[in-house]
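The following exercises practise reading backbone geometry and pocket linings from a protein model. Please study the sequence and the structure before attempting each task.

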Amino acid sequence: MSTTSQITGLPLTDHADRLREAFLAVGFTADGLLERLGASAYAALARSETVPALRATRGDGVLDTLVRLFLLQQSVPVERARAALPLDEALEDGWVIRAGDTDAFVRAAVDVRPYGGPQGQDWYIVSDLGCAVGGASGAGGKGEGVVLGVGGASTTLAGITVRTPVGAALDIGTGSGIQALHATQHATRVTATDLNPRALEFTRLTLALSGESQADLRVGSLFEPVGSATYDLIVSNPPFVISPGARLTYRDGGMSGDDLCRTLVQQSGERLNEGGYAQFLANWEHVEGEDWKERVRAWVPRGCDAWIIQREVQDVTQYAELWLRDAGDHREAPEEYAARYEAWLDEFEARKTHAVGFGWITLRKSGAEAPSVVIEEWPHPVEQPLGDTVLAHFARQDYLRVRDDAALLADRFVLAPEVVQEQVGLPGAEDPEHVILRQNRGIRRATKVDTVGAGFAGVCDGTLTAGRILDAIAQLMGEDPVVLRDRTPQAIRLLVEEGFLIPAPQPTNPASQGA
């Protein structure tokens with residue numbers, strides 16, 4: 001019996017291992033594509049621009065054939081296809097089909113996009129035709145049940161996800177299976193759910209063709225398919241688009257406003273094991289008379305720490321135009337486009353929504369009586385992957401939660417790697433107007449500090465306690481050390497919270513160094 005349901009009309013996985021071997025043998029991999037196409041054409045594919053790749057694959061090599069067949073949706077001669085892959089098995093299983101009325105050409109039945117794993121694995125993401133290149137930008141007009149390939153949102157979530165070994169992981173709204181694929185590398189058991197049954201079949205194809213173990217695939221919305229089961233890791237790139245109606249399953253949640261994202265976040269708390277993480281991409285409304293931070297703060301479930309970062313904000317017209325283009329509505333008759341645009345604006349006006357935020361939500365089940373909830377706006381470039389950065393953030397929250405000012409001054413700190421100091425002021429001025437500490441890794445934060453803060457950070461090498469360093473600074477500046485000790489801990493706390501300073505291991509005999 002086949003490992004993939006024939007009801008879907010999608011390929012079978014009976015000979016997926018043979019197909020994978022053929023792909024690897026000719027270099028149909030992420031690295032192979034970059035080498036064959038060149039950086040410019042390879043980057044253009046991610047923007048859904050196929051002309052450079054078409055020009056680069058005008059030869060008759062087997063790699064050219066596979067690129068044209070599976071990424072560019074070109075029909076290829078049977079002889080060329082047979083030289084590139086086990087054609088009989090591919091036809092039998094439905095990966096390729098006959099093109100037109102003649103047996104001389106074949107074409108792909110699905111998109112197959114090579115994708116490089118975090119440890120250099122050669123993986124393949126399988127999706128609907130026209131959706132492997134550029135992700136959502138290629139989905140317009142392909143039907144409400146379309147299943148996308150790899151897009152920017154998918155890779156963003158994969159990059160921020162914590163990758164510690166876990167017993168059980170859950171991928172909600174799995175789509176073509178990229179998050180489940182990553183989870184197979186560090187989770188003993190992976191469960192993937194989706195409201196769209198076709199998406200689960202694509203996940204099955206992705207895992208099989210990538211040579212990874214299969215996940216437990218379940219149909220349904222949000223947590224409904226898994227009942228009361230709990231997990232160490234929950235991830236979701238949900239259908240977060242705030243839209244009038246639910247035309248497209250892959251993006252429109254079908255709930256009012258941002259209720260789907262709110263429900264997902266709120267319900268995840270009781271599905272997390274102690275110490276577990278839940279990580280989501282989300283949209284949230286900016287409503288008149290309401291602070292967006294307070295709106296999202298109310299979503300955080302009891303017993304969970306949270307780190308919420310708003311990466312982008314669009315006014316309602318920009319937001320509507322973005323998703324109208326995504327659906328291909330801009331190519332419809334002008335009156336139809338205008339009517340759908342009006343419907344979006346009517347919905348936002350009725351809800352008093354003037355803008356929509358996009359960002360990342362990470363929860364950790366800490367069980368703390370006073371949870372740490374950090375909500376911030378950071379639209380600047382970051383360095384992916386950020387999984388370790390997320391882990392370090394919550395470790396710092398644990399540290400600060402149990403440190404009062406006296407304990408903070410008795411501890412030692414080390415300046416984080418890749419932190420540099422910038423001085424800002426008028427040219428020729430004797431003293432800078434202000435000093436900036438800037439991270440060149442991870443979130444790449446920048447923070448303004450005063451002379452004391454800059455001097456303190458500069459000498460933190462784990463040798464002296466914070467209190468001893470402040471005493472030395474006070475002596476140099478002619479200040480009262482008691483006053484300086486009293487007013488500085490809050491600044492130190494902020495530098496630790498934002499990752500500029502790292503608590504150093506405490507000596508075996510702390511009293512020998514003094515505070």
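**Exercise 1.** In this predicted model, determine where Glu418 lies and whether Glu418 counts as buried, partly exposed or exposed.

*Solution.* Step 1: Glu418 is located in the loop between strand E14 (412-415) and strand E15 (419-424). Step 2: its phi is near 65°, which is a positive value in a residue other than glycine. Step 3: the relative accessibility of Glu418 is 41%. Partly exposed covers the range between under 20%, which is buried, and over 50%, which is exposed. Glu418 therefore counts as partly exposed.

**Exercise 2.** Apply the procedure to Ser48: state its place and its accessibility class.

*Solution.* Step 1: Ser48 is placed in the loop between helix H3 (39-46) and helix H4 (51-56). Step 2: phi of Ser48 is near 65°, again positive in a residue other than glycine. Step 3: because its relative accessibility is 25%, Ser48 counts as partly exposed.

**Exercise 3.** Describe the peptide bond from Gln384 to Pro385, and then the second largest pocket.

*Solution.* Step 1: the bond from Gln384 to Pro385 is cis, with omega near 0°. Step 2: Pro385 belongs to the loop between strand E13 (373-377) and helix H15 (387-401). Step 3: the second largest pocket holds about 890 Å³ of space. Of its 37 lining residues, those closest to the centre are Pro385, Leu386, Gly387, Asp388 and Thr389. Step 4: H15 contributes the most to this lining, with 5 residues. Step 5: by class, the lining of the second largest pocket comprises 14 nonpolar, 15 polar and 8 charged residues.

Notes
Residues numbered from 1 in each chain as written. Predicted model: local features only at pLDDT ≥ 70, side-chain atom pairs only at ≥ 80, totals over all residues. Heavy atoms only, no water. Helix = DSSP H or I, 4+ residues; strand = E, 2+ residues; numbered from the N terminus. Buried < 20%, exposed > 50% of the residue type's maximum accessible area, 1.4 Å probe, protein only. 1 Å grid on protein atoms, 1.4 Å probe; cavity = no way out; pocket = protein on both sides within 12 Å on 5 of 7 lines; lining within 4 Å. Points joined across faces, edges and corners; volume = space filled by probe spheres on them. Nonpolar A, V, L, I, M, F, W, Y, C, P; charged D, E, K, R; others polar.
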